[in-house]
Amino acid sequence: MGVGKTGISVNNCSVEGNIIEGNDSNEVGIDIQSSSVRRSSDINVSGNQIKSGFKNGINTFKSTGTGFDRIAITDNRLKTRV
């Protein structure tokens with residue numbers, strides 16, 4: 001399955017134990033966004049391997065509203081191209 005600009009887009013869930021690979025034109029491996037329309041909460045991002053091919057490994061972005069609530073980003077491995 002091909003990956004668009006983002007490997008995984010996250011909202012109100014757990015993302016655990018994934019291997020995410022990009023192709024050097026992808027923006028971000030795991031993208032976590034929050035806005036007044038789509039508030040992000042109860043998010044767990046853990047134990048993922050984000051391989052090379054992304055401009056950013058893990059991104060958090062709040063466009064409007066009050067932001068994030070109960071978010072944990074732990075024990076992820078990011079590999080960049082040397």
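**Figure 1. How much of the protein is buried.** Of the 82 residues in this protein, 28% count as buried. Please keep in mind while browsing that the model is predicted. The protein exposes about 5,200 Å², and carbon and sulfur atoms supply 45% of that area.

**Figure 2. An architecture of strands.** Let's walk along the chain next. The secondary structure comes to nine strands and zero helices. Read from the N terminus on, the elements run β-β-β-β-β-β-β-β-β. Contacts across the sequence are worth a look too: among those between residues at least 6 apart, 73% join residues at least 24 apart.

**Figure 3. A sheet of three strands.** Here we zoom in on an open sheet, in which three strands follow the order 2-5-8 with parallel pairing. Which strands sit at the edges? The edge strands are strand 2, covering residues 14–16, and strand 8, covering residues 69–74. Each of these two pairs on one side only. With direction ignored, neighbouring strands of this sheet are turned by 0 degrees against each other on average. As a friendly reminder, strands of a sheet pair through backbone hydrogen bonds, in either a parallel or an antiparallel way.

**Figure 4. Strand 5 alongside strand 8.** This last close-up follows one pairing within the sheet. Strand 5 spans residues 41–46, and its pairing with strand 8 is in the parallel sense, over five bridges. Which residue of strand 8 is the bridge partner of valine 45? That partner is isoleucine 73.

Definitions and conventions:
Residues are numbered from 1 along each chain as its sequence is written. This is a predicted model: local features need pLDDT of at least 70, side-chain atom pairs count only at pLDDT 80 or more; totals for chains, interfaces and linings use all residues. Side-chain values use heavy atoms; hydrogens and water are left out. Helices (H or I, at least four residues) and strands (E, at least two) are DSSP runs, numbered from the N terminus. Buried means under 20% relative accessible area, exposed over 50%, partly exposed in between (1.4 Å probe, protein chains only). Contact means heavy atoms within 4.5 Å. Accessible areas come from the Shrake-Rupley method with a 1.4 Å probe; for residues, only the protein chains shown count as cover. Two strands pair if DSSP finds at least two bridges between them. Axes are lines fitted to C-alpha atoms, for helices over the stretch in contact, and angles run from 0 to 180 degrees between N-to-C directions.
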